[in-house]
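Biologist: I should like to examine this structure with you, one topic at a time. Please give your reasoning for each answer.

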Amino acid sequence: MTNSCSPEIFGADPARVKWNVVRGDTAILRVEFFENDESTKYDTTGWEYASSTYDSTGDVIDELIVTPGVGYVEITASPEITTNWGLGWAGTVAELSFDLQVIIDDVVWTPVIGTISV
């Protein structure tokens with residue numbers, strides 16, 4: 001099935017998100033895709049997703065779980081991953097970058113970039 005939308009229609013500027021996560025917890029971020037009327041969800045059938053997080057001070061990249069739904073995708077950071085984010089006891093123990101990539105008809109589009117605050 002061919003979608004009637006492409007990254008060029010959505011725009012090239014990704015949304016910037018700050019995601020607060022408690023170390024050792026499961027964290028879920030839901031990203032929804034709406035038509036211009038802001039109430040009708042896009043038909044995301046056939047879209048493929050990838051999401052990862054990385055610490056700019058190291059070489060570790062953690063792949064996050066992506067679960068697609070009708071007009072949305074959920075990004076999940078499992079406790080097995082979040083347990084390793086940050087050291088010590090403080091209000092904020094780590095700042096990690098993350099992104100969400102969507103592949104539509106062999107075109108890679110990054111609609112979301114952001115920071116995970118642990």
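Biologist: In which loop does Arg23 lie?

Modeller: Please note that the model is predicted. Strands are numbered from the N terminus. Arg23 lies in the loop between S1 and S2.

Biologist: Is Arg23 buried, exposed or partly exposed?

Modeller: The relative accessibility of Arg23 is 24%. Buried requires under 20% and exposed requires over 50%. Arg23 therefore counts as partly exposed.

Biologist: How far apart in space are Arg23 and Ala94, C-alpha to C-alpha?

Modeller: Leaving aside neighbours within four places in sequence, the contacts of Arg23 include Trp85, Trp89, Val93 and Val118. Ala94 stands 71 residues from Arg23 in sequence. In space, C-alpha to C-alpha, the separation of Arg23 and Ala94 is 9.3 Å.

Biologist: In what order do the five strands form the open sheet?

Modeller: The pairing in this sheet is mixed. Its edge strands, each pairing on one side only, are S1 (15–20) and S4 (61–63). Neighbouring strands are turned by 25° against each other on average, direction ignored. The order is S1-S8-S7-S3-S4.

Biologist: Which residue in S4 is the bridge partner of Thr53?

Modeller: Strand S3, residues 48–54, pairs with S4 in the antiparallel sense. Three bridges join S3 and S4. In S4, the partner of Thr53 is Asp62.

Biologist: Which strand supplies the largest share of the largest nonpolar core?

Modeller: This core has 26 residues, and those touching the most other members are Trp19, Val31, Phe33, Trp85, Leu100 and Ile116. Strands S2 (27–32), S6 (72–77), S7 (95–104) and S8 (107–117) each supply at least two residues of the core. The largest share is five residues, and it comes from S7.

Biologist: Which residues from 115 to 117 does Trp19 touch?

Modeller: Trp19 is one of the core residues that touch the most other members. Not counting residues up to four places away in sequence, Trp19 touches Ala27, Ile28, Leu29, Leu64, Ile75, Ala77 and Phe98, among others. Further along the chain, Trp19 also touches Thr115, Ile116 and Ser117.

Biologist: Which lining residues are the closest to the centre of the largest pocket?

Modeller: The largest pocket holds about 170 Å³ of space. S3 and S4 each supply at least two residues of its lining. Of the 14 residues that line this pocket, the closest to its centre are Asp55, Val60, Asp62, Trp85 and Leu96.

Definitions and conventions
Residues are numbered from 1 along each chain as its sequence is written. This is a predicted model: local features need pLDDT of at least 70, side-chain atom pairs count only at pLDDT 80 or more; totals for chains, interfaces and linings use all residues. Side-chain values use heavy atoms; hydrogens and water are left out. Two strands pair if DSSP finds at least two bridges between them. Helices (H or I, at least four residues) and strands (E, at least two) are DSSP runs, numbered from the N terminus. Axes are lines fitted to C-alpha atoms, for helices over the stretch in contact, and angles run from 0 to 180 degrees between N-to-C directions. A nonpolar core is a set of buried Ala, Val, Leu, Ile, Met, Phe, Trp, Tyr and Cys residues joined through side-chain atoms within 4.5 Å. Buried means under 20% relative accessible area, exposed over 50%, partly exposed in between (1.4 Å probe, protein chains only). Contact means heavy atoms within 4.5 Å. On a 1 Å grid over the protein atoms alone, a cavity is a set of points where a 1.4 Å probe fits but cannot get out, and a pocket is an open set with protein on both sides within 12 Å along at least five of seven lines; lining residues have an atom within 4 Å of a point. Grid points are joined across faces, edges and corners, and a volume is the space filled by probe spheres set on the points.
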